[in-house]
Amino acid sequence: MDPAREFFFVLSEFDPEDPLTLFPKFYPINGYANQYMDNPIQVVKDELVRFYVIGIGGVVQSPFHVHSTIFKVWPSGILWNEPYWAQTHLVANGDTAIIEAKWSEPGKYLFHVHGIQEEKGSMAILEVLEDDSELKSLEQPSNMPGSKSMIEWQEDLLYKLEDPQIITYDDLGSAGVPISTHGAVSADKVSIVKDSWNPKITESYAPIAVKVKPGTTITWTNDDIVVHTVTESESTSFDSGFIQAGADWQQTFDASGEFNYYCTLHPWMKGVVLVI
Ligand SMILES: [Cu+2]
C-alpha cells in the first residue's frame, strides 16, 4: 500500500447504567464520546489518508460516513477483496474496513457513524489543513473535560457477563440428588439431558437409575450440546470416552451388580445401573 497518514478508529457503544441495553447512551469513537469534535483529526490537503475502522458495537451496525467525500474501501479490511468507492460504508459488528481518501479542499469535514450514533457521541471532525505547518501532535488519550476511563466499567461488565460458578470439587455429591437404586426404572435407554453440564441440573442422566436383566445392552444418547462421558466410578470397568453431542454409546451388562457411573468432564453428573 502507498504511504499515507493513518488513523485507527474503533466504533463502539456503552451505557454506564445498563451495559446490555438495546440503545446505549454513548457511541464513542476510540473509547470517548465526542472526542474528535473537540480535538479534530488533522490531515493535510492532497495527502493520502488511510483509516482502519473496526466495529465492536452490539446491536446497531455502523454506517461509517465522511461528509463531502468519496472514499475507497477494502471491505473487511482484506486487501485481496476488490476495493470499491463509497460515501458510506457499513461496518458490521465484529467487522473491519480499510478506507482511503484525499481531500483537495481545506476545511472541516464531519465524519461519524451515520444515524442515532452521531447524536450520541460518534460525531467527529476531520480538519483538512492547507499545509503541515499547523499540524498538531496527536493528543492521546483525549483531553476532553469530563471524558471517562472505561477500564473499570469494562471489568465490571466482564464479571457480570461471565457470572462465574464456583464448584467445590471435594463435595461433588451435594450438586445432585443422592443416587439411590430404590427408584430405579426398567429401561435400556438413557438420555444425557440438555444442559446436563450444569451442576444445578439434578438429573443429568435420565433416568438417573435404571435396572436391567443380565445381558442387556444399554444405550446412552448425548442430548446435550457439549461432550460428556459415561464412566464407571469404582474401577472404570466401563468408560465411554468422549461422547460427542448428538452421539450414542452402548454398553452390555452381563454380570449382576450395582454400577455407579459419572462424567469425567463434569464429575457432579452421576447415574447408576442396577443389573438383577
Ligand atoms: Cu459431562
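User: In which sense do strand β9 and strand β10 pair?
Analyst: This is a predicted model, in which local features need pLDDT of at least 70, side-chain atom pairs count only at pLDDT 80 or more, and totals for chains, interfaces and linings use all residues. Residues are numbered from 1 along each chain as its sequence is written. Strands are DSSP runs of E of at least two residues, numbered from the N terminus, and two of them pair if DSSP finds at least two bridges between them. Strand β9 covers residues 107–113 and strand β10 covers residues 124–129; over 5 bridges, their pairing is antiparallel.

User: Which residue of β10 stands opposite Phe111?
Analyst: Strands of a sheet pair through backbone hydrogen bonds, either parallel or antiparallel. In β10, the residue facing Phe111 is Ala124.

User: What is the order of the strands in the open sheet of 5 strands?
Analyst: The pairing in this sheet is mixed. Its edge strands, each pairing on one side only, are β2 (41–44) and β7 (88–91). The full order is β2-β10-β9-β4-β7.

User: Over how many bridges do β4 and β7 pair?
Analyst: One position of this pair places His65 opposite Thr88 in β7. The two strands run in the antiparallel sense, and the number of bridges is 4.

User: Which side chains along β7 point to one face and are buried?
Analyst: A residue is buried if 20 or more other C-beta atoms, placed from the backbone, lie within 10 Å of its own. Side chains alternate along β7: Thr88 and Leu90 point to one face and are not buried, whereas the other face has the buried pair, His89 and Val91.

User: Which strand gives the largest share of the largest nonpolar core?
Analyst: A nonpolar core is a set of buried Ala, Val, Leu, Ile, Met, Phe, Trp, Tyr and Cys residues joined through C-beta atoms within 7 Å. The largest one has 27 residues, and those with the most contacts inside it are Val53, Ala97, Ile99 and Leu126. Strands supplying at least two residues each include β1 (5–11), β3 (49–55) and β8 (96–101). The largest share, 4 residues, comes from β8.

User: With which residues is Ile99 in contact, leaving aside its neighbours within four places in sequence?
Analyst: Two residues are in contact if their C-beta atoms, placed from the backbone, lie within 7 Å. By this rule, the partners of Ile99 are Phe51, Val53, Phe71, Lys72, Val73 and His89.

User: What percentage of the residues in the protein chain is buried?
Analyst: The protein chain has 2 helices and 19 strands, helices being DSSP runs of H or I of at least four residues. Of its 276 residues, the buried part is 28%.

Terms used:
A residue is buried if 20 or more other C-beta atoms lie within 10 Å of its own, exposed if 12 or fewer, and partly exposed in between; C-beta atoms are placed from the backbone.
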